[in-house]
Amino acid sequence: MTSKPEQPVDERLIGAHDLALAALHEITPADTVGPAAGYTAEDDGVVSLTFHTRLPGYPGWFWTVSVAVVEDADPTVLEVELLPGDGALLAPDWVPWATRLAEYHAAQAAAEEDDELDEDDSDDDAEDDDLDEDSDDEDEPKARFHAGDLDGVDIDELDAAHDDGDADDESDDDDSEDDDSDEDDADDSDDDDSGDSDDDSDDDDFDDHDIDEGERSY
């Protein structure tokens with residue numbers, strides 16, 4: 001493959017800086033144009049002269065003025081524009097509204113699916129936690145409760161304790177009754193002894209009376 005031979009560059013075009021600057025000053029203030037940055041040989045003998053730009057917000061951009069010689073006349077200006085250089089800050093490519101809207105809807109649908117998946121994962125994690133808690137509860141020993149238990153208190157145990165207390169009270173009552181019975185028996189015994197003594201005294205009095213009556217009869 002043979003390379004395309006380089007076309008000769010007209011020296012008048014390379015040095016046409018004053019012509020290029022005059023064209024730039026017609027479309028932009030002079031303080032926005034910096035020093036010359038070089039040139040580029042284009043097709044058909046056209047030369048693009050470049051100048052640094054001092055416009056804020058356009059780093060890496062260059063003012064470009066295309067000049068040419070037509071029919072052996074003096075150099076003339078073909079085009080003036082601001083073009084980006086290598087590494088220039090560029091805006092994103094323009095995208096039609098219909099395409100952007102379709103991409104937006106697709107992104108929204110994908111986000112909703114992700115949210116649903118996250119909710120499902122969260123529900124699964126919650127169920128797993130509940131199962132783990134239930135398993136831990138099953139592993140721990142549990143107190144046995146019966147019908148009528150209240151707030152974890154075994155009513156049967158309370159009834160048994162109450163019955164024991166009643167039995168103790170009845171035993172104490174029996175003992176008290178036995179003591180009272182013994183005291184009554186002792187009182188009855190004392191009464192019997194007193195009665196017997198009185199009877200003996202009466203008998204003795206009766207015997208003395210009989211003796212007196214016998215003596216009197218003789």
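Patches, as the word is used here, are made of residues with over 30% relative accessible area and no salt bridge, with nonpolar side chains joined within 5 Å. In this predicted model, Trp97, Leu101 and Tyr104 form such a nonpolar patch on the surface, and together they offer about 350 Å² of accessible area. Tyr104 belongs to helix α3 and counts as partly exposed, at 48% relative accessibility.

Helix α3, which spans residues 97–139, also holds Arg100. With a relative accessible area of 40%, Arg100 is partly exposed. A polar atom of the Arg100 side chain lies 3.0 Å from the backbone oxygen of Val95.

Turning to the interior, the largest nonpolar core has 11 residues, namely Leu13, Ala16, Ala20, Leu24, Val33, Val47, Leu49, Phe51, Trp63, Val65 and Val67. At least two residues of this core come from each of α2 (17–25), β2 and β3 (61–68). Leu49, one of the core residues, touches Leu13, Ile14, Ala16, His17, Ala20, Gly38, Tyr39, Trp63, Thr64, Val65 and Val67, when residues up to four places away in sequence are not counted.

Strand β2, covering residues 47–53, is also the place of Thr50. Thr50 has a relative accessibility of 16% and therefore counts as buried, the cut-off being under 20%. With residues up to four places away in sequence again left out, Thr50 touches Ala36, Ala37, Gly38 and Tyr39, as well as Phe62, Trp63 and Thr64. Gly38, Tyr39, Trp63 and Thr64 thus appear in the contact lists of both Leu49 and Thr50.

Key:
Residues numbered from 1 in each chain as written. Predicted model: local features only at pLDDT ≥ 70, side-chain atom pairs only at ≥ 80, totals over all residues. Heavy atoms only, no water. Helix = DSSP H or I, 4+ residues; strand = E, 2+ residues; numbered from the N terminus. Buried < 20%, exposed > 50% of the residue type's maximum accessible area, 1.4 Å probe, protein only. Polar contact = N/O pair within 3.5 Å; in protein donor to acceptor, adjacent residues only side chain to side chain. Patch = residues over 30% accessible without salt bridge, like charges linked within 9 Å, V, L, I, M, F, W, Y side chains within 5 Å. Areas by Shrake-Rupley, 256 points an atom, 1.4 Å probe, with all protein chains shown as cover. Salt bridge = Lys/Arg side-chain N within 4 Å of Asp/Glu carboxyl O. Contact = heavy atoms within 4.5 Å. Core = buried A, V, L, I, M, F, W, Y, C linked by side-chain atoms within 4.5 Å.
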